[in-house]
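Me: Could you take a close look at one part of this model for me, and then show how that part sits in its surroundings? I'd enjoy a connected walk through it rather than a list.

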Amino acid sequence: MNALAEGLGALADPYIGVCLVIGVLLGSLVGAVPGVTATMAVALAAGFTLTLDPLPGLAVLLSIYVAAQFGDRVPSILINTPGTPASIATTFDGYPMAKQGKAGIALTSSALVSAIGSLTGILILVFLAQPLAGFALQFGPIELFCLVVFGLTMMVGVSGGRIVKGLGAGLFGLLLGVVGRDPITGDQRFTLGFDELASGVPFIAAIIGLFGIAEVTNQLVSARPGRVPQPISQLGRWWPNRAETRSLVKPTMIGCAVGSVVGVVPAAGGDIAGVVAWDQARRTSQTPERFGKGALEGVAAPDSASCATMGGSLTTTLAVGVPGDSVMAVMLGSMVVWGLQPGPALFVTNPDLVYSLAGLMTLATLLALALALMRMRGVIKLLALPPRYLAVVVVTFCMVGTFAVQNSVFDVALMWVFGLLGLLMRRFGFPPGPLVLGLILGPLAESNLRRALLIDGGDALFSSPIGMTLIALSLLAVTVQPLRSSMKGRRSRERTPTPVV
Amino acid sequence: MSPSVTARRTAAAVAVASVAVALNGCASRGGAGETPPGNDFPNDTITLYTPTAAGGATDLTARTLGTELEDDLGVSVVVENRPGASGSVGMQFLADQNPDGYSIAVLPVEVSMLQYQDFDVDPADYDFLGQVNAQPGTIAVPADSPYQTLEDLITAAKEAPGTVSVSTAGAGSIWDAGVTALSQAADIELQAVPFDGGAPAVTAAIGGQVDAVVAGIGETAPAHADGRLRVLAVFTEEPAPALEGVPTAIEQGYDVEIGSWAVIAAPAGLPDEVRDTLESAIGTAVEAPSYIELIESGGNIVTYRDADEASEFVTEESARFAELLAS
């Protein structure tokens with residue numbers, strides 16, 4: 001208890017309050033700009049915060065991390081462009097909701113469940129950090145491979161009812177995932193002579209092209225003179241009503257659970273958690289067919305999940321001394337320079353620091369929530385701009401954001417290639433979700449399977465209880481769901497399919 | 001405030017922000033080309049590139065050195081990241097810049113390795129201005145490993161060739177080369193398991209998924225200190241201060257000396273005065289307490305070589321990797 005009082009007492013400094021506010025403002029801003037990720041913002045800020053004392057420095061870094069997760073929802077919901085990879089799954093239902101004039105409710109609910117997710121993660125950090133440390137370390141290559149296989153079963157769900165086209169897009173995503181240097185031998189594969197492709201297809205450029213550019217060009221292509229497309233300035237209500245609030249409970253719980261587990265697993269972050277949670281919420285829903293067409297539950301699950309990963313990632317980082325995601329990798333570097341070596345010993349030598357960090361994250365969450373609720377009306381008015389001006393703003397942001405990732409013009413060109421691809425996919429009814437999933441999970445599946453085979457040969461899979469469990473879950477996921485939906489389909493044959501996105 | 005005012009303000013703020021970002025991008029480029037290099041060097045902003053992403057060790061090195069160089073040279077030094085493809089993207093970019101001293105970069109050990117791995121990178125394209133640090137290699141095993149000494153591990157590898165797994169930071173990385181160097185020196189066959197970066201490779205060893213890890217001292221020393229790993233050997237000539245009591249591989253009879261390092265480089269063809277000015281500024285910067293603290297907090301060593309020594313060193317390393325990476 002002494003450590004708790006000391007840890008929280010250290011936060012009573014007004015200077016730390018100022019650092020928090022600066023971090024939250026910065027984080028909300030970078031989150032809302034597609035391409036500028038939390039990792040990048042934290043990395044750039046780290047160069048500056050190293051000159052501060054550890055606690056104010058960590059206040060800036062952590063609040064950027066937290067607030068970016070609130071900011072990135074806004075472009076996902078309003079312009080179908082994920083602000084950071086963590087909100088890819090938010091676009092699945094958030095953007096359809098906005099098109100139905102329900103952006104207000106989507107944004108408010110998203111902010112609320114994000115706060116709940118974030119606070120859940122913090123509780124895990126405070127109470128379960130040490131027991132979970134052992135669990136995180138058991139995730140070797142084979143366990144990660146099995147987790148990724150489980151993630152790949154989500155492709156069916158993310159296809160939004162168009163199974164064949166969805167799987168086609170997913171396979172294409174997996175194929176794109178083999179571009180770059182072979183992860184084990186280092187040989188070139190499909191790089192077409194571009195050194196820029198040696199580390200694989202630049203992911204941010206791909207998602208911004210597939211979602212943002214494709215959406216804008218689609219609107220321009222389909223706009224007809226004289227017919228002004230319905231602007232999304234019709235926000236509808238702000239606060240969810242009683243029935244809607246009740247409908248949020250289950251997906252948020254699923255989201256928090258998924259996010260907490262995925263967060264603890266090293267190297268798996270908010271993007272994967274969001275997609276997994278979205279699909280779990282869909283599977284367990286009474287009305288899975290509404291997902292992908294503007295279901296509020298489809299916003300609640302991924303948003304609570306990606307926020308719940310933060311506490312989990314911090315847990316792994318502090319308790320195991322292993323970065324829980326890419327932002328944590330940067331923060332770990334700073335902590336080492338400050339002489340705060342994360343690892344099991346940290347809980348013995350600096351227990352108050354753990355409480356301080358949990359306190360900082362809680363404050364950052366509450367501040368980010370307040371900011372998100374306050375600024376929403378203002379942000380949305382941007383969309384009242386005539387569509388042709390809005391398109392210019394969105395394209396500018398997409399290009400600046402993509403360039404900023406690696407200061408690379410090649411990435412911007414590639415973003416346009418993916419934009420064109422996304423436009424064609426949209427016109428021919430191929431969903432972009434499975435492609436992105438393939439692109440995220442393909443390289444992880446390949447490299448981890450091959451590492452596992454190098455280490456243990458073919459026995460690797462059968463010697464891992466966690467791996468076996470995940471494979472069993474994957475098998476269940478691909479067999480049970482089709483059975484259930486075919487039964488459902490028989491019951492409601494007269495239902496007319498609605499086009500998605 | 002009426003909604004339309006808010007709308008205009010928001011739009012204006014967005015416009016200002018994007019213009020600011022765009023200008024920021026231009027500022028670092030403009031001007032440098034037109035300034036004739038000469039005795040008045042430097043009189044304009046110097047860009048210090050790193051071929052790595054923001055936040056990594058090389059980036060922090062660049063940012064700390066940049067601040068020191070700024071004091072010394074009296075002009076702004078802006079750090080710019082050009083990551084991608086094992087650093088080759090940034091290295092090629094530097095080679096294409098004007099050799100006027102306004103574009104310099106912190107280049108890691110890969111500059112001497114990439115040419116043997118199908119990348120279009122050649123050390124001859126650069127003028128080296130000084131070496132700024134070194135990170136010795138180490139080999140470590142999980143805390144509960146049966147191997148107590150390097151000898152134990154080598155004996156096990158001799159008894160069952162190819163079964164002892166060693167994680168590394170990636171295919172073609174310096175630590176992958178470290179596994180090769182150890183295998184050659186001890187005449188054994190190790191199973192290298194490349195991961196995606198040094199941190200996951202060390203994690204795999206801490207979690208017991210692999211039998212050992214070859215990684216930089218900055219990554220293994222903290223885990224050694226709190227008992228999660230046991231470092232069996234340091235790949236240096238002298239024992240490392242950050243790992244007291246851990247013998248070198250050479251002391252244990254295996255001639256392995258390998259590590260990562262960083263040099264500051266400019267595009268080849270720098271005028272002599274410019275080269276001398278930068279060389280002496282770098283020599284001063286590496287003695288700054290802030291820089292020494294940064295490097296030593298990671299368990300690394302501030303190792304300075306002047307321009308001539310650094311050029312010679314890169315040539316030697318390059319020749320060595322030609323052999324090592326060919327095998």
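Reply: Happy to. Let's start with a strand pairing in chain B: strand 4 (residues 126-142) and strand 8 of chain B run antiparallel and are joined by 5 bridges. Please keep in mind throughout that this is a predicted model. One pair of residues shows where the two strands meet, since B:Ala140 has B:Val231 in strand 8 of chain B as its bridge partner. Strand 8 itself covers residues 229-234 of chain B, and 6 of its 6 residues are buried, so the rest of the structure largely encloses this strand.

How does that compare with the chain around it? Of the 327 residues in chain B, 55% count as buried. The chain has 10 helices and 9 strands. Among contacts in chain B with a separation of 6 or more, 75% are between residues 24 or more positions apart.

Now to a pair of helices in chain B. Helix 6 (residues 198-206) and helix 7 (residues 217-225) of chain B pack with their axes 10 Å apart, at an angle of about 30 degrees. Because angles under 35 degrees count as roughly parallel, helix 6 of chain B is roughly parallel to helix 7 of chain B. Their crossing is right-handed. On the helix 6 side, B:Gly198, B:Ala199, B:Val202 and B:Ile206 make the contact, and they meet B:Glu219, B:Thr220 and B:Ala223 of helix 7. By type, the residues of this contact divide into 4 nonpolar, 2 polar and 1 charged.

Finally, a step outwards, to where chain B touches chain A. Chain A brings 52 residues to that contact and chain B brings 50. Several helices of chain A each supply at least two residues to its side: helix 3 (38-49), helix 15 (326-337), helix 17 (351-381), helix 18 (387-406) and helix 20 (432-456). The side of chain A that touches chain B is made up of 28 nonpolar, 18 polar and 6 charged residues.

Helix 20 of chain A also holds A:Leu453, a residue you may like to find in the view. A:Leu453 has 18 C-beta neighbours inside 10 Å and therefore counts as partly exposed. From its C-alpha atom to that of A:Ser260 is 29 Å, and the two residues are 193 residues apart along the chain.

Note on methods
Residues numbered from 1 in each chain as written. Chains lettered and ligands numbered in written order. Predicted model: local features only at pLDDT ≥ 70, side-chain atom pairs only at ≥ 80, totals over all residues. Axes fitted to C-alpha atoms, helices over the stretch in contact; angles between N-to-C directions. Helix = DSSP H or I, 4+ residues; strand = E, 2+ residues; numbered from the N terminus. Parallel < 35°, antiparallel > 145°, perpendicular 65-115°, else oblique. Left-handed = near helix turned anticlockwise from the far one by under 90°. Contact = placed C-beta atoms within 7 Å. Nonpolar A, V, L, I, M, F, W, Y, C, P; charged D, E, K, R; others polar. Buried ≥ 20, exposed ≤ 12 C-beta atoms within 10 Å, placed from the backbone. Pairing = 2+ DSSP bridges.
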